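Trainee: I would like a close look at a single part of this model. Please take one strand and work outward from there.

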Amino acid sequence: MPVVPASELVAQAKATVRTVSCEEAARRVQKEPDLLLLDVREPEEHARGAVPGSVNVPRGLLEMKIATIAADAERRILIHCAGGGRAALAAKTLGEMGYENVAAVDGPFDELAACC
């Protein structure tokens, strides 16, 4: 079986999950008080700068920790990372786990932070 490059996995994930722009994400953060803004970057990245109110769960721990943060499969979740790749992969995973209202921010963290 051939090795699938990460870039192809990300492209496949982006094609199958709902994505939003940084501007749309910022609008949702401001207007939806129950929205979970999930930051799937590594803790060191989050410590260097974070969107206010975001919850940091590194991509590698997502499957193990999400139920303690969002037990309700209908919870609105918006996922971001540094550039959009990990967020898309995380959104795909959450969808496979049964979460119904998940979207990934398709854009760089700096742009999202500037919009929020």
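Is strand β5 (residues 101–105) mostly covered or mostly open, and how many of its five residues are buried?

Mentor: Keep in mind that this is a predicted model. Strand β5 is mostly covered. Of its five residues, four are buried.

Start with the sheet around the strand. The sheet is open and has five strands. Their order is β1-β5-β4-β2-β3, and the pairing is parallel. In that order β5 stands between β1 and β4. The edge strands are β1 and β3, the latter spanning 55–56. Each of these two pairs on one side only. In general, strands of a sheet pair through backbone hydrogen bonds, either parallel or antiparallel.

Now take the two neighbours in turn. On one side is β1, residues 18–20. Three bridges join β1 to β5, and the two strands run parallel. One position to look at is R18, which stands opposite A103 in β5.

On the other side is β4, residues 76–80. Four bridges join β4 to β5, again with the strands running parallel. Two facing positions help you read the register. I77 stands opposite V102 in β5. Further along, I79 has A104 of β5 as its bridge partner.

Next, follow the chain between β4 and β5. The connection involves helix α5, residues 85–97. Together, β4, α5 and β5 make a β-α-β unit, and the unit is right-handed.

Stay on helix α5 for a moment. E96 and K92 both lie in this helix, four residues apart, or about one turn. The two form a salt bridge, with the closest N and O atoms 2.8 Å apart. E96 counts as exposed, because its relative accessibility is 58%. K92 counts as partly exposed, because its value is 33%. Elsewhere, salt bridges that share partners join R28, E32 and R76 into one network.

That network leads back to β4. The whole structure holds eight salt bridges. One of them joins the side chains of E32 and R76, at 2.7 Å from N to O. The pair links distant parts of the chain, 44 residues apart. E32 is in the loop between α2 (22–31) and β2 (36–39), while R76 is in strand β4. E32 counts as buried, because its relative accessibility is 16%; the cut-off for buried is under 20%. R76 has a relative accessible area of 33%, so R76 is partly exposed. In general, side chains of opposite charge can pair when their charged atoms come close.

Another salt bridge has two buried partners. The side chains of R41 and D39 meet at 2.8 Å, N to O. R41 counts as buried, because its relative accessibility is 4%. D39 counts as buried too, because its value is 0%. R41 has a second contact to inspect. Its charged end sits over the ring of F109, 3.9 Å from the ring centre. As for ring-on-ring contacts, the structure holds zero aromatic pairs.

F109 brings us past β5 to helix α6, residues 109–115. E111 lies in this helix. E111 has a relative accessible area of 33%, so E111 is partly exposed. Now compare sequence with space. E111 and C22 are 89 residues apart in sequence. Their C-alpha atoms are 6.4 Å apart in space.

C22 raises the matter of cysteines. The structure holds zero disulfides. C115 is in no disulfide, and the nearest cysteine sulfur, that of C22, is 5.8 Å away. The cut-off for a disulfide is sulfur atoms within 2.5 Å, so the C115 and C22 pair does not qualify. C115 counts as partly exposed, because its relative accessibility is 28%. C116 is in no disulfide either. For C116 the nearest cysteine sulfur is that of C115, 6.7 Å away. C116 counts as partly exposed, because its relative accessibility is 35%.

Back to your strand, then. β5 is mostly covered. Three bridges join it to β1, and four join it to β4.

Technical notes:
Residues numbered from 1 in each chain as written. Predicted model: local features only at pLDDT ≥ 70, side-chain atom pairs only at ≥ 80, totals over all residues. Heavy atoms only, no water. Buried < 20%, exposed > 50% of the residue type's maximum accessible area, 1.4 Å probe, protein only. Pairing = 2+ DSSP bridges. Right-handed = clockwise from strand over helix to strand, strands pointing away. Phe/Tyr/Trp six-rings, centres within 6.5 Å; stacked < 30°, edge-to-face > 60°. Lys NZ or Arg CZ within 6 Å of the ring centre and 35° of its normal. Salt bridge = Lys/Arg side-chain N within 4 Å of Asp/Glu carboxyl O.
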